[in-house]
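I opened the structure and kept these notes as I went through it.

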Amino acid sequence: MAAGNSAARRAQQARRQERLLREQLRAAGAEARRWEAASEGERRVAAQLLAFTERGWRLLVDRRWPGTRAANVDMLLVGQGGVFVLDVKNWRAAPEVRGDALWAGGQPRDEHARKLARVTGVAEGALVALGLSPVAVRPLMVFAGHRFAARLGPIDLLGEAELAPYLWRQGKRLPPARVRAVAERLAEVFPAYRPAAVSEPARRRAAAPGPGGPGGPAVGSAGADEALGLFDVAAVRDAALADALAAPIERWMTFLHSDQASLVRRDWAGPARISGPAGTGKTVVALHRAARLARSTNGRLLYVTFANNLPRVQRTFLRTLAPSVADRVEFSSLHAWAGEYLRARGVAVNLRGDAAEAAFGKAWFEVGRHGRLPEIDRSPQYWRDEIHHVIKGRGLTGFEQYATVRRLRRRTALRRADREAVWELYEAYERRRAERGLHDFNDVLAMALERVRGGAPAAGAAGTAGTAGTAGERPYRAVVVDEVQDLTLVGVRLLHALVGDAPNGLLLVGDGQQAVYPGGFRLAEAGVDIRGDRAQVLRRNYRNGHEILRAAMAVVADDTFEDIDGERTPGRREVDLEYRDGAVVRVVAPSPGEQDRELLDALRALTPDELADAALLCASKRAIDHYQRLLARAGVPVCPLEGYAGSAVPGVKLGSYRRAKGLEFKRVFLPHHDEGTVPAGDGEPSDADRERAELARGQLFVAMTRARDLLWLGSVKGTAAPPRVAPPG
Ligand SMILES: Nc1ncnc2c1ncn2[C@@H]1O[C@H](COP(=O)(O)OP(=O)(O)OP(=O)(O)O)[C@@H](O)[C@H]1O
């Protein structure tokens with residue numbers, strides 16, 4: 001019954017909407033008929049746009065293009081959907097896109113597209129100081145008297161009938177005050193040929209002279225239906241109804257800080273890097289840049305991260321931010337991408353994590369546990385990490401390379417004999433792996449690198465050092481790497497090889513302080529040369545409330561870290577704050593059960609919407625399983641972070657610290673947050689214990705800085721749990 005009612009209500013709304021649209025269009029048609037210079041077709045297009053001014057949009061018509069003598073801009077339209085630079089064509093011949101070129105009547109017409117792209121660039125530049133992202137400024141070529149929809153580089157090509165539904169579909173990007181400010185700025189930059197105000201709604205100006213260009217024949221009165229032309233009332237009505245239901249797009253998807261906006265527009269002659277502390281908008285800038293590059297170039301773009309859930313979230317953001325180019329940007333985790341890349345080229349990949357783990361277990365059992373390594377650290381995991389993050393992660397292929405390598409982010413000092421023992425373990429693992437025809441993640445990256453560089457990948461694919469290929473493959477116009485600090489050296493080499501040093505080709509985004517894996521690399525080792533203005537640092541935190549950031553900084557204050565440029569940086573960093581409110585709630589419970597009860601009380605106090613924007617993050621897989629069961633028993637809805645794609649879904653998000661990387665939530669709950677962050681035991685901790693505790697603090701810091709407004713920190717009085725390392729992301 002409820003559904004029937006709402007269907008009836010919707011039909012009624014649709015009828016009302018349609019009546020209103022027809023009225024507005026008639027009024028606008030009468031207004032447009034007074035534009036003397038315009039053709040009938042142009043007047044019909046103008047009438048559609050004037051109808052939008054009834055809804056608070058601003059229209060500037062026939063403006064001068066600064067810096068040019070004769071060139072004009074047909075129309076500039078500013079409204080809730082963004083800024084549109086319009087070129088209206090009154091061509092008798094139908095437009096056509098052939099390959100990358102515009103044609104009509106058997107003639108190439110590319111010069112029109114080039115001119116429109118150039119003037120759009122001027123509009124973008126004029127609005128950067130207001131913080132408007134270039135992505136919100138769109139060039140439109142509209143063909144009066146035709147039905148058409150196509151894309152040509154950055155330009156959307158639309159027929160008369162497609163224009164209004166297109167504009168409605170843009171969502172709510174600019175609030176009214178911003179619409180005014182943007183229109184006024186455009187009016188300054190693109191002056192009228194004769195004094196004319198930013199257009200007011202057509203109805204209010206009914207008695208005033210039209211804003212048309214000088215001269216030209218007047219057109220006789222046309223009937224109301226003539227004003228409709230090819231106007232598709234039904235399509236516009238449906239788009240308008242959908243728009244009424246849609247939530248406004250997040251502010252950062254349209255408005256940036258002017259420093260961010262200028263980075264989005266910047267042209268770099270080679271690889272570039274954006275770094276900065278947590279929450280400073282690195283990903284936001286990277287996404288806007290990807291959208292802008294996709295719009296201004298023809299090739300495909302690759303946007304990669306290390307974690308495999310983040311690409312889904314980022315894809316969702318880009319689809320909202322810049323829907324028209326979203327399909328040109330491929331989002332993937334590095335490993336998934338490399339596996340696909342190889343499979344698509346007929347290279348067999350046998351990636352079986354469990355079997356590779358078993359191969360390592362066997363090697364440890366036969367070689368590792370009897371030697372000197374357990375005296376340095378008892379945990380096989382420590383040595384497994386050494387193999388994956390240091391030896392294979394760096395693409396080392398001979399012992400002499402390993403004997404002298406600087407083991408970044410590893411605290412244990414290994415002498416030559418120790419390294420020989422590690423190498424023996426590595427070789428035993430490699431033998432077991434090769435015997436079973438298995439690949440691990442590092443092998444997949446190494447094979448892909450070899451392939452990209454032009455060589456045929458070796459079947460075993462252990463290392464890649466020195467395997468420069470011949471005909472390098474360049475399937476992408478640009479590659480953006482987010483959370484670059486978690487990649488291995490081989491991973492960065494691979495991504496660099498995809499685009500080389502091409503202008504605007506490689507963009508590395510990340511923050512060494514947020515590294516959540518052992519090991520590391522330096523850019524120089526990867527052969528990536530980033531200098532001058534191609535290394536940018538963002539410093540304004542937009543995400544965390546002041547108290548939250550202070551609490552997070554306290555955790556890593558003493559942990560100096562080395563970033564990928566090789567620079568050592570103190571843990572407590574200078575950050576500008578937006579001065580947002582935020583609260584830190586600390587719960588110190590007498591027992592784990594008591595802590596869980598407090599946690600459940602806090603979660604149950606949230607409304608369903610609040611719960612959907614909350615995350616419960618854990619350091620270990622065991623803890624995640626525990627809370628999964630606890631919440632299920634308590635009837636609290638849960639959405640695992642693994643399946644989260646960034647759009648609103650009910651339930652508290654549950655996952656590991658590592659999986660939360662790059663994400664953010666209004667409320668973040670961290671039970672047992674302090675476990676493992678200081679070395680356990682009474683005696684002097686070993687170097688490996690210190691390293692584990694430091695890594696745990698780094699991961700905790702990442703988890704804490706996911707919180708925007710509330711950070712809930714739970715701990716149990718007097719428990720000194722052993723250090724632990726989070727499960728793989
Ligand atoms: N110009 C802006 N205006 C308003 N909010 C912004 C702006 N830039 C970024 N933000 C907000 O700050 C949040 C953090 O941005 P983003 O995720 O890009 O930061 P980051 O530096 O990549 O963070 P981290 O390294 O911690 O993952 C965004 O989700 C957004 O809410």
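**Notebook: helices and an annotated site**

I began just past α17, which is followed by glycine 454 with a positive phi near 110°; helices here are DSSP runs of H or I with at least four residues, strands are runs of E with at least two, and both are numbered from the N terminus. I noted that this is a predicted model, in which local features need pLDDT of at least 70 and side-chain atom pairs count only at pLDDT 80 or more, while totals for chains, interfaces and linings use all residues. Residues are numbered from 1 along each chain as its sequence is written.

I then looked up burial in α17 and found 12 of the 12 residues buried, so the helix is largely enclosed by the rest of the structure; buried means 20 or more other C-beta atoms within 10 Å of the residue's own, exposed 12 or fewer, and partly exposed in between, with C-beta atoms placed from the backbone. The buried residues of α17 pack against α11 (334–344), α14 and α18 (489–499).

I turned next to α14 (residues 380–392), where the buried residues include Trp383 and Glu386.

For "binding site", the unreviewed UniProt entry lists Gly276, Pro277, Ala278, Gly279, Thr280, Gly281, Lys282 and Thr283; UniProt positions are in the numbering used here, feature names are shortened, and annotations may be inferred rather than shown by experiment. Alanine 278 counts as buried because it has 23 C-beta neighbours inside 10 Å. Leaving aside neighbours within four places in sequence, I found alanine 278 in contact (C-beta atoms, placed from the backbone, within 7 Å) with Asp511, Gln514 and Thr705.

Notes: Two residues are in contact if their C-beta atoms, placed from the backbone, lie within 7 Å.
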